[in-house]
Amino acid sequence: GKILKDGIVCNSCIKYFVKLKTCSSCNKEKINVSNRNLLDGSKKLLCINCYNKTLLICSCCGYRRKSFSYDLEDKPKCQICSTQGQKECIKCNSLIPAGYGNICKECNSNKTLDKKMSFLSKALSANYSVVFKEFCFWLSKRRGSPFASLNIQHYYGYFFILDEISLELKRVPSYEEIVSRLTIAKTREYLLVTIFLDEIKLIEIDVKVKDEYANIDMIDKYLKTFKKESKNYMLISSYYQYLLEKLKDNKTTIRSIRLSITPAVKFLKYCENFKDNTPNNYILEGYLWCYGGQKAAITGF
């Protein structure tokens, strides 16, 4: 490829010894930056990624390629789709635009999903490996193979966490044990896995537990609204301790505590709009003028 002062470089490696150029669009120094002919006839110094963005999308295959022809509705078609038309998918024999390649998007997604499923399942214990594979097929049917192949790594993370908890407990954890270690917000992040495990009766969702821990998560979020050791943090914390005492005496519930803390936090945030942000009756009257429906809820605070 080139003879350098330190020796000979082959054609495959010569690109690493070429002086980098700056792309005029993304302003990054890259190897594949060169003068590209644009659709308007002008030339511009672009990397391959930025150049591809300037190309029109083929109305048949959906890929960004140079337009070769236009259909009756004036939609662009790439050269492959224009000259070759349609071909059969080598796996399912369905007709697809030639620009797709040899297999359709559905078969390509299934192939990718199978590879990911095979690779990821090896890191799980024997039992969870089987469950994870079942989930892959379930997700593919529910949301389609393109979605499943693209997002399966995300959902795999939850199976890995469940596997670790199960190994520690030496049994399948209950729903309450899961949400007590994680959070309701975390289980919502992996909602499709939770639904699947509930459907196969492996980990059944307890609605009462779900509601209780959802309230606990929200309370925890409210307590973190203000900086520690700040005046407002001390006020809301002392109010929370007062409510916990009522809970011990069975005079309130977790849900009621959440409903009580919500307006208290909103009121303290409202106080921050004033120069003297110490809560007083004048500020409270203004707050209740804005949020009249919270008069009963704010009374306890």
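1. Contact between α3 and α4. In this predicted model, helix α3 contributes N110, L113, M117, L120 and S121 to its contact with helix α4, which in turn offers S129, F132, K133, C136, F137 and S140. By class, the residues of this contact divide into six nonpolar, four polar and one charged.

2. Geometry of the α3 and α4 pair. Two packed helices are described by the angle between their axes and the distance between the axes. For α3 and α4 the angle is about 160 degrees and the axes lie 10 Å apart. Because angles over 145 degrees count as roughly antiparallel, α3 is roughly antiparallel to α4. The crossing of these two helices is right-handed.

3. Helix α4 itself. Does the span of α4 agree with its length, or disagree? Helix α4 covers residues 126-143, and at 1.5 Å a residue its 18 residues should span 26 Å; the C-alpha atoms at its ends are 26 Å apart, so the two values agree. Immediately after the helix, G144 adopts a positive phi of about 95 degrees.

4. Burial along α4. The buried residues of this helix are Y128, S129, V131, F132, F135, C136, W138, L139 and S140. Their cover includes α3 (105-121), α5 and α8. Among these buried positions, S129, F132, C136 and S140 also take part in the contact with α3.

5. Packing of α5 and α8. Helix α5 spans residues 145-169 and helix α8 residues 191-199; their axes come within 9 Å and cross at roughly 70 degrees. The two helices are therefore roughly perpendicular to each other, since the range for that description runs from 65 to 115 degrees. In passing α8, helix α5 makes a right-handed crossing.

6. Residues joining α5 and α8. Which residues of α5 meet α8? They are F147, Y155, Y158, F159 and L162, and their partners in α8 are L192, V193, T194, F196 and L197. The contact has nine nonpolar residues, one polar residue and no charged residues.

7. S149 in α5. This serine is found in helix α5. Is S149 buried or exposed? Its relative accessibility is 8%, and because buried means under 20%, S149 counts as buried. Apart from residues up to four places away in sequence, S149 touches S109, T112, L113 and K116. One of these, L113, is also listed on the α3 side of the contact with α4.

8. N49 in α1. Residue N49 has its place in helix α1, which covers residues 48-54. With a relative accessibility of 46%, N49 counts as partly exposed. How far apart in space are N49 and R64, C-alpha to C-alpha? The separation is 11 Å, with the two positions 15 residues apart in sequence numbering.

9. K44 in β6. Strand β6 covers residues 43-46 and contains K44. At 39% relative accessibility, K44 counts as partly exposed. When neighbours within four places in sequence are left aside, K44 is in contact with S24, S34, N35, R36 and L38.

10. K44 and S237. These two residues are 193 residues apart in sequence. In space, their C-alpha atoms are 61 Å apart.

Note on methods. Residues numbered from 1 in each chain as written. Predicted model: local features only at pLDDT ≥ 70, side-chain atom pairs only at ≥ 80, totals over all residues. Heavy atoms only, no water. Axes fitted to C-alpha atoms, helices over the stretch in contact; angles between N-to-C directions. Helix = DSSP H or I, 4+ residues; strand = E, 2+ residues; numbered from the N terminus. Parallel < 35°, antiparallel > 145°, perpendicular 65-115°, else oblique. Left-handed = near helix turned anticlockwise from the far one by under 90°. Contact = heavy atoms within 4.5 Å. Nonpolar A, V, L, I, M, F, W, Y, C, P; charged D, E, K, R; others polar. Buried < 20%, exposed > 50% of the residue type's maximum accessible area, 1.4 Å probe, protein only. Expected span 1.5 Å × (residues − 1).
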